[in-house]
Amino acid sequence: MLKLVLMRHGESIYNLENRFTGWTDVDLSAEGHIQAKEAGILLKKHGFAFDIGYSSVLKRCIKSLHLVLEEMGELKIPVETTWRLNERFYGALQGLNKTETVKKYGLEQVQKWRRSPEEEPPPITKTDKRYPGFDPKYKDLTEDELPLTENLTQTIKRVLPFWNETAIPALQQKKRVFICAHGNSLRALIKYIDNLTDKEVTQLEIPTARPWVYELDDNLDKIRHYYLE
């Protein structure tokens, strides 16, 4: 039996300030550091070890992964980062306070922007300072790969090449895989793995720094999944 572990990063500064984050490269909060360390302690307590780690290219994920591995004594394992695991790109909502946005647009509309597989937040323009084309991290991406906004369906389409071309081959080689990503990139993965409906994925909550474990058979079919306690 194989075990795959997914984890959302620890609390970020924007999580603490209740802001839409998306691809904004904010750091972990002090609590986020603690959460990531505690996740590492929990994984070690339950006897987990990993052969490879994957993260988005955003520092809140990279640092969370590092802190987990440090607590586990696993800093020696290779770690790969990929933009495909980035959070959903929230377009013009990025940086806005969520409560103030609800007051302006209404809870129903904001919930659609946050969770609906088909609803896109308002897009930015290519002249906006938040446009990822200005960030050297994304210099190798094509113009089509640089989002102005994203819904969950588009996020799934972006994440799946990582799953099919990177994660699956690693699992087929019996590697013990740890993926540290974001609320919506993980929601995208879980929707695909568990074949969730649009309604089910909309209701899926993914708390910060809480390891989600998949147990898989030799054919990589799911046996069960659970949050590690």
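Lys 37 is found in helix H2 of this predicted model. With a relative accessibility of 31%, Lys 37 counts as partly exposed, because that value falls between the limits of 20% for buried and 50% for exposed. In sequence, Lys 37 and Ala 209 are 172 residues apart, yet their C-alpha atoms are 8.8 Å apart in space.

Two asparagines have a positive phi. For Asn 18 the angle is near 60 degrees, a positive value in a residue other than glycine. Asn 18 is placed in the loop between H1 and H2, and at 30% relative accessibility this residue counts as partly exposed. Asn 195 also has a positive phi, of about 55 degrees, although it is not a glycine. The loop that holds Asn 195 runs between H7 and helix H8 (198-202). Asn 195 has a relative accessibility of 66% and therefore counts as exposed, since the limit for that class is over 50%.

Strand S2 (residues 52-55) has side chains on two sides: Ile 52 and Tyr 54 point one way, whereas Gly 53 and Ser 55 point the other way, and all are buried. S2 is joined to strand S4 (residues 177-181) by four bridges, and the two strands run parallel. Strand S3 (residues 79-81) is also parallel to S2, with three bridges between them. Gly 53 has a partner in each of these strands: Phe 178 stands opposite in S4, and Val 79 stands opposite in S3. The connection from S2 to S3 includes helix H3 (residues 59-72), and together S2, H3 and S3 make a right-handed β-α-β unit.

Aromatic residues form 11 pairs in the structure. One of them joins Phe 20 and Tyr 90, whose rings are 5.3 Å apart from centre to centre, with 55 degrees between the planes, a tilted arrangement. Phe 20 lies in the loop between helix H1 (13-16) and helix H2 (30-45), while Tyr 90 lies in the loop between S3 and helix H4 (98-105), so the pair ties together parts that are 70 residues apart in sequence. Both members of the pair fall under the 20% limit for buried residues. Phe 20 counts as buried at 1% relative accessibility, and Tyr 90 counts as buried at 7%. Elsewhere in the list of ring pairs, Trp 23, Trp 83, Phe 89 and Tyr 138 are linked into a cluster.

The open spaces of the model were examined next. The largest pocket holds about 280 Å³ of space. Its lining consists of 19 residues, of which Arg 8, Glu 87, Tyr 90, Lys 98 and Arg 114 are the closest to the centre. Tyr 90 thus appears both in this lining and in the tilted pair with Phe 20. Helix H5 (107-115) and helix H7 (183-194) each supply at least two residues of the lining. H7 gives the most, with three residues. By class, the lining of the largest pocket divides into nine charged, seven polar and three nonpolar residues.

The second largest pocket has a volume of about 180 Å³. It is lined by 14 residues, and those closest to its centre are Trp 23, Thr 24, Lys 129, Arg 130 and Asp 135. Trp 23 is also a member of the aromatic cluster. The lining of the second largest pocket comprises seven nonpolar, three polar and four charged residues.

Enclosed space was considered separately. A search of the whole structure finds one cavity of 30 Å³ or more. About 40 Å³ of space lies in this largest cavity. Its lining is made up of Leu 6, Met 7, Arg 8, Leu 186, Ile 190, Ile 206, Arg 210, Trp 212 and Tyr 227. Strand S1 (2-8) and H7 are the elements that give two or more residues to this lining, and S1 gives the most, with three. Seven of the lining residues are nonpolar and two are charged, with no polar residue. Arg 8 lines the cavity and is also listed among the residues closest to the centre of the largest pocket. H7 likewise contributes to the lining of the cavity and to that of the largest pocket.

Conventions: Residues numbered from 1 in each chain as written. Predicted model: local features only at pLDDT ≥ 70, side-chain atom pairs only at ≥ 80, totals over all residues. Heavy atoms only, no water. Buried < 20%, exposed > 50% of the residue type's maximum accessible area, 1.4 Å probe, protein only. Pairing = 2+ DSSP bridges. Right-handed = clockwise from strand over helix to strand, strands pointing away. 1 Å grid on protein atoms, 1.4 Å probe; cavity = no way out; pocket = protein on both sides within 12 Å on 5 of 7 lines; lining within 4 Å. Points joined across faces, edges and corners; volume = space filled by probe spheres on them. Nonpolar A, V, L, I, M, F, W, Y, C, P; charged D, E, K, R; others polar. Phe/Tyr/Trp six-rings, centres within 6.5 Å; stacked < 30°, edge-to-face > 60°.
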